[in-house]
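Biologist: I would like to learn how to read a model of this kind, feature by feature. Where should we begin?

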Amino acid sequence: RRGALFDPRTRPCRVRGPHPPMSGTSVGASTARSLLGVWALFLALAFLQIGNGLQRVLLPIRAGSEGFGAGSMGAVMAFHFAGFLLGAKVTSRFLVSVGHIRVFAAFASLASVAVLVNATLVFPISWSAAYFVSGACQAGILVIVESWLNDRATNETRGRILGAYSVVLMGGMAGGQLLADVGSAEGFRLFILASVLVSLAVVPVTLSASNSAPTPSNESMPLRELYRVIPAAVVGIILASFVQSAASSMAAVFAIESEMPSGRVTMFTAAALIGAVTLQMPLGALSDRFPRRAVILAVAGASCGLATLGALVPTSSLWLIAVNLAFGACVFPLYGQFIALANDWVPQHQRVAAASTLVLASGCGAITAPVVIGFLITVFGPTSYFLANATVLGILVSYLSYRT
């Protein structure tokens, strides 16, 4: 059995553990108990994502009014995901030293300060530096949340639990982007609102007595070792993160370069995230019931088709918003699905280390998307946004088919 777990050549399917599969009622009850145990964590994540979502759409809109080009905003977003890599790398060390709750509070507070810096210093260089810090903090928080959730999940409930996590993650981001319509990106007010929301994330985690974080371990899990255990999850999360990074950080740039009105820019960017919320839980339940790889392959194929369709629909058409909504509904659940796939195979004592490595792998894919998409939009025009995503998703589908 250990050979089946650790040798990728011999294991025929994911290990369910020593206990027989639970019934549907037992799975639902176990999922509900697990989610109730981390309600404060979800509330904190919601505050954080609403603030981050508001900032993520404010920066491109403000950049357009300040005369920054697509290349400049691509560089700013790339620095954000470079910070993501750093945060994923160092967070596990902090967790061993001071624990989950203190690290969460420190990262959320620092991310709040970074938002205010972006409001005060409106230059591509200063935005890059502040957004680098913000990315490091966000990666650290994701490591904390994902290791916490995977510690409470079983192989029979992991898809549902991570589906609920993704609903909060993407729903908060979409809600934050819709808040951009309540005021102007000029001045300080919306930036201050974003900072306040990020700061509020500290309150539920630090005051709740119902949370029990996993005990940190000094054991590490390098990317090479994780790839040896479950290569499909590592490659998949890198490629999926490229597309998700493009959809969340460069969609506004695409819309602005396509000369959409400001109101439609917000609708277009939020559409993908609203769509993401709709299928997270159903796909999570589906992957718990059926082979997870097969579900992921089907969703990735649908995403590739929708990205191709997005390149064909005129940017002036309202149908593009509907296509982007469906695109987000398929693309964004892939992250949680790959996290679940990886944790089906990772030993429990390595869950925190694996969470850090998975966020690091995600950052590797995410950091390249703004640079590549920004360059392509500048050279070939806005249509290259969807074409680049379709190409990456096509590679993902081909690799998953090969692995399966």
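Modeller: Begin with burial. Of the 404 residues in the chain, 58% are buried. Keep in mind throughout that this is a predicted model.

Biologist: What does the secondary structure consist of, in helices and strands?

Modeller: The chain has 17 helices and 0 strands. For the contacts, take pairs of residues at least 6 apart in sequence: 86% of these join residues at least 24 apart.

Biologist: Which helix can I use as an example of a mostly covered one?

Modeller: Use α15, residues 333–343, where 11 of 11 residues are buried. The general idea concerns direction. An α-helix has 3.6 residues a turn, so positions three or four apart point the same way. In α15 the buried residues include P333, Y335, G336, Q337, F338 and N343.

Biologist: G336 is on that list. Which residue elsewhere in the sequence does G336 touch?

Modeller: S166 is in contact with G336, and also with G171 and Q280, when residues up to four places away in sequence are not counted. S166 belongs to helix α7. The C-alpha atoms of S166 and G336 lie 6.5 Å apart, although 170 residues separate the two in sequence.

Biologist: Is S166 buried or exposed?

Modeller: S166 counts as buried because its relative accessibility is 2%, and the cut-off for buried is under 20%.

Biologist: Can we go through another position in the same manner? What surrounds I141?

Modeller: I141 sits in helix α6. Beyond its neighbours within four places in sequence, I141 contacts L48, F104, F107 and A108. The C-alpha distance from I141 to G87 is 8.7 Å, with their positions 54 residues apart in sequence. The relative accessible area of I141 is 0%, so I141 is buried.

Biologist: How many residues make up the largest nonpolar core, and which have the most contacts inside it?

Modeller: That core has 133 residues, and Y165 and Y385 have the most contacts inside it. Helix α11, residues 231–257, provides the largest share, 16 residues.

Biologist: Which residues does Y385 touch?

Modeller: Leaving out residues up to four places away in sequence, Y385 touches A246, A247, M250, A251, F254, I373 and I377.

Biologist: Next, empty space. How does one look for it?

Modeller: Rolling a probe the size of a water molecule over the atoms shows where empty space is left. Here the search gives 2 cavities of 30 Å³ or more. The largest cavity holds about 270 Å³. It is lined by 18 residues, and those closest to its centre are R56, Q138, M170, Q244 and S248.

Biologist: Which elements contribute to that lining?

Modeller: Two or more residues each come from α3 (39–66), α4 (70–98), α6 (124–152), α7 (158–178), α11 and α16 (351–380). The largest share of this lining, 4 residues, is from α11. By type, the lining of the largest cavity divides into 10 nonpolar, 7 polar and 1 charged.

Biologist: And what lines the second largest cavity?

Modeller: Its lining is N52, Q55, R56, H80, Y131, S134 and Q138. The volume of the second largest cavity is about 30 Å³. α3 and α6 each give at least two residues to this lining. The division by type for the second largest cavity is 1 nonpolar, 5 polar and 1 charged.

Biologist: How many disulfides does the structure contain?

Modeller: In general, a disulfide is a covalent bond between the sulfur atoms of two cysteines. A search of the whole structure finds 0. Two cysteines can be described by their burial: C137 is buried at a relative accessible area of 2%, and C330 is buried at 13%.

Biologist: Last, backbone angles. What should I look for in phi?

Modeller: Most residues other than glycine have a negative phi. E259 is not a glycine, yet its phi is positive, about 65°.

Biologist: Where does E259 lie, and is E259 buried or exposed?

Modeller: E259 is in the loop between α11 and α12 (262–289). E259 counts as exposed because its relative accessibility is 72%, and the cut-off for exposed is over 50%.

Conventions. Residues numbered from 1 in each chain as written. Predicted model: local features only at pLDDT ≥ 70, side-chain atom pairs only at ≥ 80, totals over all residues. Heavy atoms only, no water. Core = buried A, V, L, I, M, F, W, Y, C linked by side-chain atoms within 4.5 Å. Buried < 20%, exposed > 50% of the residue type's maximum accessible area, 1.4 Å probe, protein only. Contact = heavy atoms within 4.5 Å. 1 Å grid on protein atoms, 1.4 Å probe; cavity = no way out; pocket = protein on both sides within 12 Å on 5 of 7 lines; lining within 4 Å. Points joined across faces, edges and corners; volume = space filled by probe spheres on them. Nonpolar A, V, L, I, M, F, W, Y, C, P; charged D, E, K, R; others polar. Disulfide = S-S within 2.5 Å.
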